[in-house]
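Biologist: Could you take me on a close look at the small sheet in chain A, strand by strand, and then show me how it sits within the rest of the chain?

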Amino acid sequence: MADYETPQTHEFPVIPTVMEGVMSHSAPFLSNAEFQSDLGFPGDGNLIDGWEDKFKDLLGDKLSKYRSLQVFMDTCVKCGACTDKCHYFLGTGDAKNMPVARQDLLRKVYRRYFTFAGKYFPKLVGAVDLSEAVVDEMYSYYHQCSECRRCAVFCPFGIDTAEVTMAARDILAQIGKGQKYSNQIIAKVHKIGNNLGLPGPALADTLEGLEEDVEDETGVKVRFPLDEKGADILLVTPSADFFAEPHVDGLMGYGKVFHAAGVSWTLSSKASEAANFGLFIGSYEQMRQVSLRIRDAAKELGVKRIIFGECGHAWRVAYNHLNTLAGPWDFLDQSYPIPQHILEFTKDCLDRGILNIDKSQNDDMTLTFHDSCNIARASRIGAEPGSQFTIPRAVIKAVCNNFYDMSADTIHDATFCCGGGGGLLTDDLMELRVKGALPRMEALKNVIADKGVTHMAAICAICKSQFTKVLPYYGMTMDQIVSVHQLVSNAIILDGQGDADEEESDSEEAA
Amino acid sequence: MTALSIIYVILFYAAMIILVAGVANKIMQYIRVPAPLKIAVTPAPLTRGGVAYRFFTEVVLFNSLFRATKWTWIFGWIFHLSLVLAFLRHLRYVISPNSFLWPLVNLEVVQSFGKYAGFAMLFGLTGLLARRIFVDRVRYISSPSDYLMLLLIIAIATSGLLMHYVWHTDIVQLKAFIMGLFLLDWQNLPSDPVLLGHLTLVLFLMMIFPISKLLHAPGLFFAPTRYQLDNPREKRHLSDWGAAIEAKDGRNK
């Protein structure tokens, strides 16, 4: 495979000994001039002229615009609560992958130029001058953070490293050091409409193929409409759902649920992407531009509701920021949540008993569920705090007979990132992704050994892609990761679907 | 008045001004800087009452720290609780017996707990220092100032205990000095070395409060991750600078 080893999993988690610099070689490809200028960033991967002053100005600007950053720079007491919470630290043992050490890369510069103690007693408080070495280290380690916020859950002061990472990445991009992967993807969203660069006609083809697949499988014509004006619901889903496995099986699930519920819906070629990498690069402006496509699409199509498909950070942005960035949504039907999550829709259908479910269709699998970080810790699904944990499980249990949770300290708001979130799902960071997956892989292996679990369900496109890639490194197979709506798709029996399937179990609503 | 007393009068006023003005300045900054986006760490409360409860569990019980690491929690919690108790006991030096608060300050439980709190404080601080020295992760993230802060408070607690158990000072005169500061009727300060050491360190602590990590005390209440309500779909959240961007291109119309 490569010149690094997949970490060992254990029955109980092991906190590694701190090692200096073992991951200092890890950095994603720098953005070239083209991908920089596409987003209005300067430079070509090298530092621009006068970058030191620019850095200080940008940091000062961020501090005056983001209360989170200003407060978080000041309040850390170095208590150590976060030091063993990051999956990248647990997987690599690199000292600077401890959340506080990662924050300190920016904090020591903040202290040097913005605090009394750092200006006059830099050594005492660990303040340092800006230098190319300092910036390079930032580029490396701020791209070893998936902005998953696990550290923030455990911090006594609520310090969220993701906020620091986002600020740092945006500053770096603006002094010439942007990240190729994220920049390139955002440019594709602006130019073509989605991360994968799938143009409208190709999308139409794909959806047609999907309709044929579902008809072959079920004998029922389930529509996957594109750009249909006057539809009630606009579905915004990650573009990976259009063809990647197991994502596409989830998309089939959404289509079947909509079909069974008898609602009219459509996808949009303009907003054919739920993902919003503007979040990852810490750019309010980019995040807003990407969000506004959805507003434009909703207006053009005249829809009444917006529903998001399975995607973690997309849901974070949609849930928390869509109203801020692309609102107000006064032209939509106010009797539904704006936006709504597909699981909220499906759960409601299950509760109302309008889906015909045969749980035994999933009897070949024993499931567990991976809480995606951005849904667990940065948003909500459903009406109650914490229903982002109960609703996905309730839906899984409503369509599957066999379900077991992983160890309690690896689920709900203590869930581990898949290792590929936050703009790191790129091949140039494969070592980091493999190592960062360790805590989740360990918990998964243990529940496989203890409970006979065969598959792990997820509700995030990045999680699904990441696990597909890293499961084999840990001795498992790529098809052991499934979409939650893939399970729904398997179990749902549509009206008119092959009679052989309709034996005993009619609508069962476990919840 | 002795020259020493005059110096300490000046130091006390200076420290008080630096502490109050410095912290007020920081708090104003935290208030002034907007939070442009909803970033509550979820599950988060839906109501103001829920936020109050969340802060109660954090401020009083150190809930997140408890979840994170039991050792740091036990040492840190004992230290902070002792700090509160010691503070309450010290109120006897600044509150007149005629004050309506005096019966509370003079409660047996306040005075005796406050006394033993000194030992508990040393226990907590020693534990925190030991963690900083012996746990490799915490050692790695520690700067000289992190050790010095612990040593400073250890020295304050130790000198306080020494005054109570070994070298007594003239409490009556001390109180006269402190009350004099409030009434602008300055009195002499007892000149015992331990008392002077204790007071000097406390004054130093007050002065560095607004420029050190002690800002975690006010800062805690300004973390958007903790104080924000979980209601972004129900209520549009927009900062002034976010609104200005919108106004410029009109794309949210």
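Modeller: Happy to! Let's start with one pair of residues: A:Ala457 has A:Val482 in S7(A) as its bridge partner. Please keep in mind that this is a predicted model. The two strands that meet here are strand S6 (residues 455-458) and S7(A), which pair in the parallel sense over three bridges. Another contact on this seam involves A:Met456, which stands opposite A:Ile481 in S7(A).

A:Met456 is also a good place to cross over to the other neighbour, since in S6(A) it is the bridge partner of A:Thr368. That link belongs to the pairing of S5(A) with S6(A), again in the parallel sense and over three bridges. In general, strands of a sheet pair through backbone hydrogen bonds, either parallel or antiparallel.

Put the two seams together and you have the whole sheet: an open one of three strands, in the order S5-S6-S7, with parallel pairing. Strand S5 (367-369) and strand S7 (481-483) are its edge strands, each pairing on one side only. If you look along the strands, neighbouring ones are turned by 40 degrees against each other on average, ignoring direction.

Now for the faces. In a regular strand the side chains alternate between the two faces of the sheet. For S6(A), A:His455 and A:Ala457 lie on one side, A:Met456 and A:Ala458 on the other, and all of them are buried. Both faces of S6(A) are therefore covered, as each of these residues has 20 or more other C-beta atoms within 10 Å of its own.

Let's step back to the domains. Chain A is divided into domain 1 (33-178) and domain 2, which is made of two segments, 188-404 and 453-501. The C-alpha centres of these two domains lie 33 Å apart. Where they touch, eleven residues come from domain 1 and eight residues from domain 2. On the domain 1 side, H9 and helix H10 (161-174) are the elements that give two or more residues, and H10(A) gives the most, with five residues. By type, that side divides into six nonpolar, no polar and five charged residues.

Zooming out further, the secondary structure of chain A comes to 22 helices and seven strands. Its C-alpha trace spans about 80 × 50 × 40 Å along the principal axes. The radius of gyration is 23 Å, which agrees with the value near 24 Å for a compact globule of 511 residues. Buried residues make up 60% of the chain. Among contacts with a separation of 6 or more, 79% join residues 24 or more positions apart.

Finally, a word on the partner chain: 64 residues of chain A are in contact with 59 residues of chain B. The elements of chain A that each supply at least two residues to this side include helix H2 (51-65), helix H5 (99-114), helix H14 (284-301) and helix H15 (312-326). The residues on this side of chain A divide into 31 nonpolar, 18 polar and 15 charged.

How values were computed:
Residues numbered from 1 in each chain as written. Chains lettered and ligands numbered in written order. Predicted model: local features only at pLDDT ≥ 70, side-chain atom pairs only at ≥ 80, totals over all residues. Helix = DSSP H or I, 4+ residues; strand = E, 2+ residues; numbered from the N terminus. Rg over C-alpha atoms; globule rule 2.2 N^0.38 Å. Buried ≥ 20, exposed ≤ 12 C-beta atoms within 10 Å, placed from the backbone. Contact = placed C-beta atoms within 7 Å. Nonpolar A, V, L, I, M, F, W, Y, C, P; charged D, E, K, R; others polar. Pairing = 2+ DSSP bridges. Axes fitted to C-alpha atoms, helices over the stretch in contact; angles between N-to-C directions. Domains from an automatic or database assignment.
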